[in-house]
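Me: Please look closely at one part of this chain and set it in the context of the whole. I should like to know how the part is built, what lies against it and how far the prediction can be trusted.

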Amino acid sequence: MIDSLIKKNIPSTEDSFKYYYNTDKNNYGVNSITSEIIAIFKGTEMVSEVEDSNQCILVTDKTNFYSNAGGQISDIGVISNQDLTFKVENVSSYHGYVFHHGLLTKGKLTCNSIVNMDVEKEHRLSCSQNHTATHIMNSVLRKLLPYAAQRSSHVCPSYLKFSFSAKAQLTDEELEKIETLVNQTIQKKLCVLRKEFSFEELLIQPNAVLLRGEEYPEVVSVIFIGELDCNEAVSIEPCCGTHVHNTADIESFVLIPSKSQDATLENSNVSLDVHLDLLKQIKATLKECHIKTDAPLRDLKEFETLFERYEDEIK
Ligand SMILES: [Zn+2]
């Protein structure tokens, strides 16, 4: 696909629009944009048009969709105009081109059509909440366990998963402390800011979190939590992901240790699953149970189902 795009001299996708969004709870959303379809693929074959009900891949001249990167899963949403509706299910990016994978549910797609790009806001907000929470947790861990090193993270709408290596398995007290400190940081209503840095400049910042073995570009996008100041910020991490604009937008944080802790005395891989919305859902279910006193058995069943769902996800 990349070769076909390069042969046709198609310029790379302008994707800075993914960072234009509000995280104010009453007005949350990613700004919609208008773009031109510049390439369509069916499988790996470049085509000039696609009919109704077909799975295909679109490249537009610009996009506001976030593609899978930095452990955060991509946006979903809709690309449409009065004649067509294309449901975006996944977004990937290679060599500067952004590929929107999805299903044409209405009309006909043709190259050079002008379309509206609408990112699903709830999905994006949840990913942004979980991504900022990942940075906060990383900073808390570094303070509590200076030798802990992040291995990987996975950020999706319903949870974040954070894996790191530590010298020993965490105790219940340590886990509780991490959860408390993360929640305290959230409640401080700290601003979350993005700033471009040259990698060389970032290397000399003592508090910046850099992943071992990771290759960074010459200019990196850095997320600051608290202050736009390398000595005062709570967290400084190079990151291409999307974030809330204030820690208060995360609302709450629940930490669940993974069942698959692999502990050895020297080096244990500890994985933590953090379900930000679990607490909210439990609270909502409890409230419903309380209100619907005429149907206690059914509500109890709902509660069990909720826990089973999370238990399955953790496995
Ligand atoms: Zn990040």
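Reply: Among contacts in the chain between residues at least 6 apart in sequence, 66% join residues at least 24 apart; two residues are in contact if their C-beta atoms, placed from the backbone, lie within 7 Å. This is a predicted model, in which local features need pLDDT of at least 70 and side-chain atom pairs count only at pLDDT 80 or more, while totals for chains, interfaces and linings use all residues. Residues are numbered from 1 along each chain as its sequence is written.

The chain has 6 helices and 18 strands. These are DSSP runs, with helices of type H or I and at least four residues, strands of type E and at least two, numbered from the N terminus. Of its 315 residues, 30% count as buried. A residue is buried if 20 or more other C-beta atoms lie within 10 Å of its own, exposed if 12 or fewer, and partly exposed in between.

The part chosen for the close look is an open sheet of 3 strands in the order β14-β15-β16, with antiparallel pairing; two strands pair if DSSP finds at least two bridges between them. β14 (191–198) and β16 (235–238) are the edge strands, each pairing on one side only. From one strand to the next, the twist averages 25°. Strand β15 (residues 219–226) is joined to β16 by 4 bridges, and Phe224 has Ile236 of β16 as its bridge partner.

Helix α2 (residues 121–144) lies across β14, β15 and β16 and runs at about 120° to β16. Here axes are lines fitted to C-alpha atoms, for helices over the stretch in contact, and angles run from 0 to 180 degrees between N-to-C directions.

Asn207 is located in the loop between α4 (199–203) and β15. Asn207 counts as partly exposed because 15 C-beta neighbours lie inside 10 Å. Apart from neighbours within four places in sequence, Asn207 is in contact with Cys230, Ala233 and Ile236. Of these residues, Ala233 is 26 residues from Asn207 in sequence, with 8.5 Å between the C-alpha atoms. Ile236 is also the residue of β16 that is bridged to Phe224.

The helix and the middle of the sheet contribute to a nonpolar core, that is, a set of buried Ala, Val, Leu, Ile, Met, Phe, Trp, Tyr and Cys residues joined through C-beta atoms within 7 Å. The largest such core has 27 residues, of which Ala133, Met137, Val182 and Ile225 touch the most other members. α2, β13, α3 (172–187) and β15 each supply at least two of its residues, and α2 gives the most, with 6. A second, separate core of 26 residues includes Val30, Cys56, Leu58 and Tyr97. In soluble globular proteins, nonpolar side chains tend to be buried together.

β13 also belongs to a hairpin, formed with β12 and having 4 residues between the two strands. Strand β12 (residues 149–155) and strand β13 (residues 160–166) pair in the antiparallel sense over 6 bridges, with Ala149 opposite Ser165.

Elsewhere in the chain, strand β7 (residues 77–81) pairs with strand β8 (residues 84–94) in the antiparallel sense over 5 bridges, and a hairpin joins them through 2 residues. β8 in turn pairs antiparallel with β9 over 9 bridges, and Asn90 has His101 in β9 as its bridge partner. In the turn of the hairpin formed by β8 and β9, His95 has a positive phi of about 50°.

His100 lies in strand β9 (residues 97–106). His100 counts as buried because it has 27 C-beta neighbours inside 10 Å. Beyond four places in sequence, the contacts of His100 are Ile57, Leu58, Phe65, Ile79, Val88 and Val91; Leu58 is among the members of the second core.

As to confidence, the mean pLDDT of the chain is 83, and 80% of its residues reach 70 or more; pLDDT is the predictor's confidence in each residue, from 0 to 100. Over residues 261–269 the pLDDT is below 50, and this stretch has 18 contacts in the model beyond near neighbours in sequence.
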